[in-house]
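Morning, everyone. Please bring the structure up on your screens.

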Amino acid sequence: MDTTVAIIGAGIGGVYLAAALGRRGCRLRLHDFDDSRLGAIRERGGLDVEGEDAGFAAIERSTTDPRAAIEGADIIAVCTGGTYQEAVGHGIASLLGDGQTILLIQGNTGGSLVVRRALDAAGCRARVDIAEMDNYPYSCWRLAPTRIRPIVHKKFLQIASFPGNRIDAVFARLAPLFPHAVAAPSIVSTGFTNANAMLHVANCVANAGKIDHAEPYKFYAEGVTPAVARLYGAINAERVASAAALGASVPTLEDWFERTYGVRGETFSETCQLLTTNSDGPYQATGTPSAWTHKYIAEDVPVGLIPMSALGKAAAVPTPAIDAVILLAQTLAGRDFAGDARTLERMGLAGMDPTQVQQTLRDGFR
């Protein structure tokens, strides 16, 4: 595959992506400012991948120098986590060249908007496309610093561009890398299919005692009791209604699990148990938060639930359950996340009615 991909962020998501794209034949560069994440990979020259697509995923450069990673890359995959995406936009703005594509994996909610605004604020003049994915495409075990064993490749993934009118060109570039992905008409589809925001925060709030005591529990199989499933149902209904008011049809959580993993139990709790306990369950490796600084709160509240709530208000859709979970999460964590929160102002959508929001997402900022 004659595609050069620069992966920004050598955490779990970036390393899993490198393993998959390396086996697809992409030329890879891996960047992180923390060289301790890169040393073993640099020494090995890549990653050893086990499973059906076993083999070696070569990585040409493992570097702390963003210019060395980005220069000449066709695609720049940002795998840093949502709260760092704006900073990445500011940091790479002067390094970009015409024709490059920035892909946020994942965009969380509103990621493409804040990155576009960051590039503009930093004076970027390169003609680049911005795209986002609705979720991480893979679930894997990391058995050693350079050894990866895939658990599952997600069967349902969406890719959207900002502005939405660029999706045909963007998807043609990205589809060969992600053959299970489909093109979405706007980032409403990807942003409101942000399952992490739906699944992580409510679970943590409902299991606050266990988190305070650093008590391990199976996050989904044990954490999603019938009562927690009812809370999921309430916030899920608000998410689906808000997306619909902005012109997008997004799957319910139950439908998303079935499309993505082929798993659906009699109840939502049963579905979560199957996702954890099945021999091929994608959530076998899901860790248990042991502090309120965990990304399940510190990321999924400010760049997941808060922008969903804000966009719901812009669409005149009440979100009382989502707002309640946000308030409880902030109270339990002892912080308000204002510094990282994606508000309408931060996303460049302040003062717009639903029609204006949809037009902006289709045509871009004016």
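I will go through two sheets, a pocket and two helix pairs.

One caution first: this is a predicted model.

Let's start with the eight-stranded sheet. It is open, and 8 strands make it up. The order runs β5-β2-β1-β6-β7-β8-β11-β12. Pairing is mixed. Which strands sit at the edges? They are β5, residues 61-63, and β12, residues 181-183. Each of these pairs on one side only. From one strand to the next, the twist averages 20 degrees.

Look at one pair inside that sheet. β7 covers residues 101-105, and β8 covers residues 129-133. They pair in the parallel sense, over 5 bridges. For a landmark, take Ile-105: its bridge partner in β8 is Met-133. A helix packs on this sheet as well. That is α5, residues 111-121. Helix α5 touches β7, β8 and β11, the last being residues 157-162. The direction of α5 makes about 155 degrees with that of β8.

Now the other sheet. Here 4 strands form an open sheet, in the order β4-β3-β10-β9. Again the pairing is mixed. β4, residues 55-58, and β9 stand at the edges with a single partner strand each, so one side of each is left without a neighbour in the sheet. Neighbouring strands are turned by 35 degrees against each other on average, direction ignored.

Inside this sheet, β3, residues 46-49, pairs with β10 in the parallel sense. That pairing has 2 bridges. The bridge partner of Asp-48 in β10 is Arg-147. And which helix packs here? It is α1, touching β3, β4, β9 and β10. The direction of α1 makes about 100 degrees with that of β9.

Next, the pocket. I mean the second largest one, with about 370 Å³ of space. It is lined by 18 residues. Closest to the centre are Glu-50, Glu-52, Asp-53, Pro-150 and His-153. Some elements we have just met return here. α1 (12-23), β9 (138-144) and β10 (147-153) each supply at least two residues of the lining. Which element gives the largest share? β10 does, with 6 residues. By class, the lining has 10 nonpolar, 2 polar and 6 charged residues.

On to helix packing. Two packed helices are described by the angle between their axes and the distance between the axes.

First on my list are α8, residues 195-206, and α14, residues 301-314. Their axes come within 9 Å. They cross at roughly 105 degrees. That angle falls in the 65 to 115 range, so α8 is roughly perpendicular to α14. From α8, the contact uses Ala-197, Met-198 and Val-201. From α14, Val-301, Gly-304, Leu-305 and Met-308 take part. The split is 6 nonpolar, 1 polar and no charged residues.

Then α10, residues 226-245, with α15, residues 320-333. Here the axes come within 7 Å and cross at roughly 120 degrees. Parallel, perpendicular or oblique? This crossing makes α10 oblique to α15. On the α10 side we have Leu-231, Ala-234, Ile-235, Glu-238 and Arg-239. They meet Pro-320, Ala-321, Ile-322 and Val-325 in α15. By class, that contact has 7 nonpolar, no polar and 2 charged residues.

That's my list. Over to you for discussion.

Technical notes: Residues numbered from 1 in each chain as written. Predicted model: local features only at pLDDT ≥ 70, side-chain atom pairs only at ≥ 80, totals over all residues. Heavy atoms only, no water. Pairing = 2+ DSSP bridges. Axes fitted to C-alpha atoms, helices over the stretch in contact; angles between N-to-C directions. Contact = heavy atoms within 4.5 Å. 1 Å grid on protein atoms, 1.4 Å probe; cavity = no way out; pocket = protein on both sides within 12 Å on 5 of 7 lines; lining within 4 Å. Points joined across faces, edges and corners; volume = space filled by probe spheres on them. Nonpolar A, V, L, I, M, F, W, Y, C, P; charged D, E, K, R; others polar. Parallel < 35°, antiparallel > 145°, perpendicular 65-115°, else oblique.
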